[in-house]
Amino acid sequence: MQYHDCLRLQSEAELALFPVLRIELGAHCALEVPGENYMFQTEGSVYCLGLYADPTTVIGNNFLQGQSVVFDLEKQRWGVAPANISER
């Protein structure tokens with residue numbers, strides 16, 4: 001069972017106050033994750049940290065939101081870049 005560090009925020013806008021996490025995936029590949037992607041809402045105004053101190057943790061949906069991931073199967077490599085998504 002995983003336990004989360006949670007807190008009550010006054011508004012969703014406070015998520016912008018959390019630092020951007022920079023995860024180095026290699027020499028020329030870093031993933032920058034804003035607070036709104038690593039904090040998740042559980043109920044009402046309660047938000048929890050979506051990180052674990054577990055070596056088997058997978059970089060999943062919450063960390064890849066707003067990112068484009070490209071896989072090059074021929075050269076056996078992959079990369080991550082901020083997605084260029086316009087709002088409709």
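Is Q67 buried or exposed in this predicted model? Q67 is buried, because its relative accessible area is 17% and the cut-off for buried is under 20%.

**View 1. Q67 and its surroundings in strand β6.** Strand β6 covers residues 67-72 and includes Q67. The Q67 side chain reaches the backbone oxygen of E32 at 3.2 Å. Leaving aside residues up to four places away in sequence, Q67 touches L31, E32, V80, A81, P82 and A83. E32 thus appears both as a polar partner and in the list of contacts.

**View 2. The aromatic pair of F18 and Y38.** The structure holds one aromatic pair. F18 and Y38 form this pair, with an edge-to-face arrangement. The centres are 6.5 Å apart, and the planes make an angle of 90 degrees. The pair links distant parts of the chain, 20 residues apart. F18 sits in the loop between β1 (6-8) and β2 (21-26). Y38 belongs to helix α1, residues 35-38. Y38 is buried, because its relative accessible area is 3%. F18 is partly exposed, because its value is 22%, while buried requires under 20%.

**View 3. A nonpolar surface patch that includes W78.** L25, I59, V69, F71, L73 and W78 make this patch. The patch measures about 610 Å². W78 is found in strand β7, residues 77-82. W78 has a relative accessible area of 46% and is therefore partly exposed, as exposed requires over 50%.

How values were computed. Residues numbered from 1 in each chain as written. Predicted model: local features only at pLDDT ≥ 70, side-chain atom pairs only at ≥ 80, totals over all residues. Heavy atoms only, no water. Helix = DSSP H or I, 4+ residues; strand = E, 2+ residues; numbered from the N terminus. Buried < 20%, exposed > 50% of the residue type's maximum accessible area, 1.4 Å probe, protein only. Polar contact = N/O pair within 3.5 Å; in protein donor to acceptor, adjacent residues only side chain to side chain. Contact = heavy atoms within 4.5 Å. Phe/Tyr/Trp six-rings, centres within 6.5 Å; stacked < 30°, edge-to-face > 60°. Patch = residues over 30% accessible without salt bridge, like charges linked within 9 Å, V, L, I, M, F, W, Y side chains within 5 Å. Areas by Shrake-Rupley, 256 points an atom, 1.4 Å probe, with all protein chains shown as cover. Salt bridge = Lys/Arg side-chain N within 4 Å of Asp/Glu carboxyl O.
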